[in-house]
Amino acid sequence: MVLSALPATQGIYGFVAFFMMRSMENPAVVFGVGLSVGLVCMLSAIRQGQVCANGIVGISQGHNVFTNTLIYAALPEFYAILGLVGALMV
């Protein structure tokens, strides 16, 4: 269950970035930050979804790969968090 929900966290990061950027006055900066956070979170979620899907297949075949899959799925998550932090620093 955790592996299937893990890639959805990037949507939360985009939502947080949206609310943090609403108070900015320059629309070009808001567009640039939104585009960069959106791309980073989208690519991170795609790769994280692939890792989690492969882990789910491995678990369904009887292999004990849950812990390893969680560790590998945390790596793309880190890039999404960095994208959010970069957006908040603007």
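## Confidence

This is a predicted model, and its chain has a mean pLDDT of 89, with 99% of residues reaching 70 or more. Within the chain, confidence peaks in H3 at a mean of 92, while H1 has the lowest value, at 80.

## Helix H4

Let's take a walk along H4. This helix covers residues 66–89, 24 residues in all. From first C-alpha to last it reaches 35 Å, close to the expected 34 Å. There is a bend of about 25 degrees at leucine 75, and proline 76 follows within four residues.

The buried residues of H4 are Thr69, Ala73, Pro76, Glu77, Ala80, Gly83, Leu84 and Ala87. Their cover includes three helices: H1 (2–5), H2 (9–21) and H3 (27–60).

## H4 against H3

The axes of H3 and H4 lie 9 Å apart, and the two helices pack at an angle of about 175 degrees. Since angles over 145 degrees count as roughly antiparallel, that is how H3 runs relative to H4.

On the H3 side, the contact residues include Val33, Val37, Val40, Cys41, Arg47 and Ile59. Among their counterparts in H4 are Phe66, Tyr72, Tyr79 and Gly83.

## H4 against H2

H2 offers a contrasting direction: H2 and H4 pack at about 0 degrees, with axes 10 Å apart, and are therefore roughly parallel.

Here Thr9, Gln10, Tyr13, Val16, Ala17, Met20 and Met21 of H2 meet Pro76, Glu77, Ala80, Ile81, Leu84, Ala87 and Leu88 of H4. Pro76, Glu77, Ala80 and Ala87 of H4 also take part in the contact with H3, and these four residues are buried.

How values were computed
Residues numbered from 1 in each chain as written. Predicted model: local features only at pLDDT ≥ 70, side-chain atom pairs only at ≥ 80, totals over all residues. Heavy atoms only, no water. Expected span 1.5 Å × (residues − 1). Bend = angle between axes of the 7 residues up to and from the residue. Buried < 20%, exposed > 50% of the residue type's maximum accessible area, 1.4 Å probe, protein only. Contact = heavy atoms within 4.5 Å. pLDDT = per-residue confidence, 0-100. Axes fitted to C-alpha atoms, helices over the stretch in contact; angles between N-to-C directions. Parallel < 35°, antiparallel > 145°, perpendicular 65-115°, else oblique.
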